[in-house]
Amino acid sequence: MGTVTSKDGTSLSYGRAGSGPAVIMVGGAADDGAELAPVAAALSEHFTVYNYARRGRGKSGDTAPYALEREIGDLEAVIAEAGGAAHVYGASSGGALALEAAAAGLPINKLVVYEVPYDISDDAPQRHQQYKDTLQALLDEDNRAEAFAHAMRTWGAPEEAIERAKQSPMWPGLVTLAPTLAYDAACMGDNHPPTARLAKVDQPTLVLTGGASPTESGMDDLRPDFFGRAADAIVESLPHGERQVVGGQQHVVDPAAVVPLVQRFLAD
């Protein structure tokens with residue numbers, strides 16, 4: 001374990017394992033590094049892997065006010081700690097953050113993103129703004145439990161799944177992370193693929209989705225091709241994008257299924 005300080009003075013906690021070229025892991029919503037830890041451990045058999053807790057999560061600090069540029073600066077600080085350049089693996093909304101960082105010019109060698117939840121529907125920006133407004137109102141009331149439930153509904157979880165989550169031992173930890181849901185919402189922009197910025201990503205980029213439907217991942221209210229359509233739109237905008245499907249995998253991917261694909265891509 002180690003710490004690194006971002007440009008705005010925020011202390012970021014990270015784990016490091018393995019040897020070889022550096023790979024930075026960027027987790028998605030409600031991930032303090034634990035969700036990506038199995039993928040990080042498997043990748044560390046081939047690379048030096050840095051799995052950091054994004055600001056406001058785990059042992060990492062936070063600095064107000066939040067801005068996407070600050071999160072990009074966080075990733076820049078971890079890359080500097082890793083030697084000044086690195087590959088990056090981003091999952092879910094962490095993939096959106098990684099893409100924004102690459103478009104901003106961070107020294108990323110190659111980029112891998114898994115199931116970035118952009119929405120190509122015409123009304124996606126309007127619905128995303130409504131989500132953000134309601135989320136912020138709940139957080140302003142310090143109603144973190146309902147804020148997290150609101151996020152789950154937006155992600156397509158049915159009410160029975162939300163009730164089960166509330167009864168699980170994981171719920172208190174998720175509620176603690178509720179303020180960072182606003183950070184992930186900011187990383188998603190207006191929730192449409194940011195085609196103009198994606199066109200600035202010069203790095204070779206592997207865009208992955210799982211072969212399972214959103215329903216199998218507990219996202220019953222999302223259309224079956226939700227992540228696939230988003231991935232196709234990303235690849236169409238990237239100068240050097242490559243698209244692959246990880247057969248049978250859900251939104252939280254099995255390391256045994258995804259790591260061989262990532263290893264081959266980064267090693268080429």
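Reader: Let's start with F47. Where is F47 found, in terms of the secondary structure?

Author: This is a predicted model, and in it F47 sits in the loop that links α1 and β4.

Reader: And is F47 buried or exposed?

Author: The way to read this is through relative accessible area, where under 20% counts as buried. F47 comes out at 4%, so this residue is buried.

Reader: Which residues does F47 touch, once close sequence neighbours are set aside?

Author: Leaving out anything up to four places away in sequence, F47 touches A17, G18, S19, G20, P21 and V23, plus Q263 and L266. You can also check F47 against H87: the two are 40 residues apart along the chain, and their C-alpha atoms are separated by 9.7 Å.

Reader: Let's zoom out. How many helices and strands does the protein chain have?

Author: The count is 11 helices and 8 strands.

Reader: How do I read the radius of gyration here?

Author: You set it beside what a compact globule of that length would give. For 268 residues that would be near 18 Å, and the protein chain has 17 Å, so the two agree. Along its principal axes, the C-alpha trace spans about 45 × 40 × 35 Å. Buried residues account for 53% of the 268. As for contacts between residues at least 6 apart in sequence, 74% of them join residues at least 24 apart.

Reader: Now the nonpolar core. Which residues touch the most other members of the largest one?

Author: Think of a core as buried nonpolar residues joined through their side chains. The largest has 40 residues, and I24 and L99 touch the most other members. Elements that give two or more residues to this core are the strands β2, β3, β4, β5 and β6 and the helices α2, α3 and α10. Helix α3 gives the most, with 7 residues.

Reader: What is L99 in contact with, beyond four places in sequence?

Author: The list for L99 runs L111, V113, V116, Y118, L198, V201, T205, I234 and L238. Apart from this core lies another one, of 23 residues, including A91, V112, V258 and L266. You've met L266 already, as one of the residues that F47 touches.

Reader: What about helix α5? Which of its residues are buried?

Author: Look along 144-154 and you'll find A147, F148, A149, H150, A151 and M152 buried. To place them, see which helices they pack against: α4, α6, α7 and α8. After α5 comes G156, with a positive phi near 100 degrees.

Reader: On to the empty space. How many cavities of 30 Å³ or more does a search of the whole structure find?

Author: A cavity is space that a probe fits into but cannot leave. The search finds 1. The largest cavity has a volume of about 40 Å³, and its lining is made of Y118, D119, I120, S121, R223, F226 and R229. By class, that gives 3 nonpolar, 1 polar and 3 charged residues.

Reader: And the second largest pocket: what volume does it have, and which residues are closest to its centre?

Author: A pocket, unlike a cavity, is open. This one has a volume of about 260 Å³. Of its 17 lining residues, M1, G15, D32, G33 and N51 are the closest to the centre. Elements giving two or more residues to the lining are β2, α1 and β4, and β2 has the largest share, with 4 residues. By class, the lining has 8 nonpolar, 6 polar and 3 charged residues.

Conventions
Residues numbered from 1 in each chain as written. Predicted model: local features only at pLDDT ≥ 70, side-chain atom pairs only at ≥ 80, totals over all residues. Heavy atoms only, no water. Core = buried A, V, L, I, M, F, W, Y, C linked by side-chain atoms within 4.5 Å. Buried < 20%, exposed > 50% of the residue type's maximum accessible area, 1.4 Å probe, protein only. Contact = heavy atoms within 4.5 Å. 1 Å grid on protein atoms, 1.4 Å probe; cavity = no way out; pocket = protein on both sides within 12 Å on 5 of 7 lines; lining within 4 Å. Points joined across faces, edges and corners; volume = space filled by probe spheres on them. Nonpolar A, V, L, I, M, F, W, Y, C, P; charged D, E, K, R; others polar. Rg over C-alpha atoms; globule rule 2.2 N^0.38 Å.
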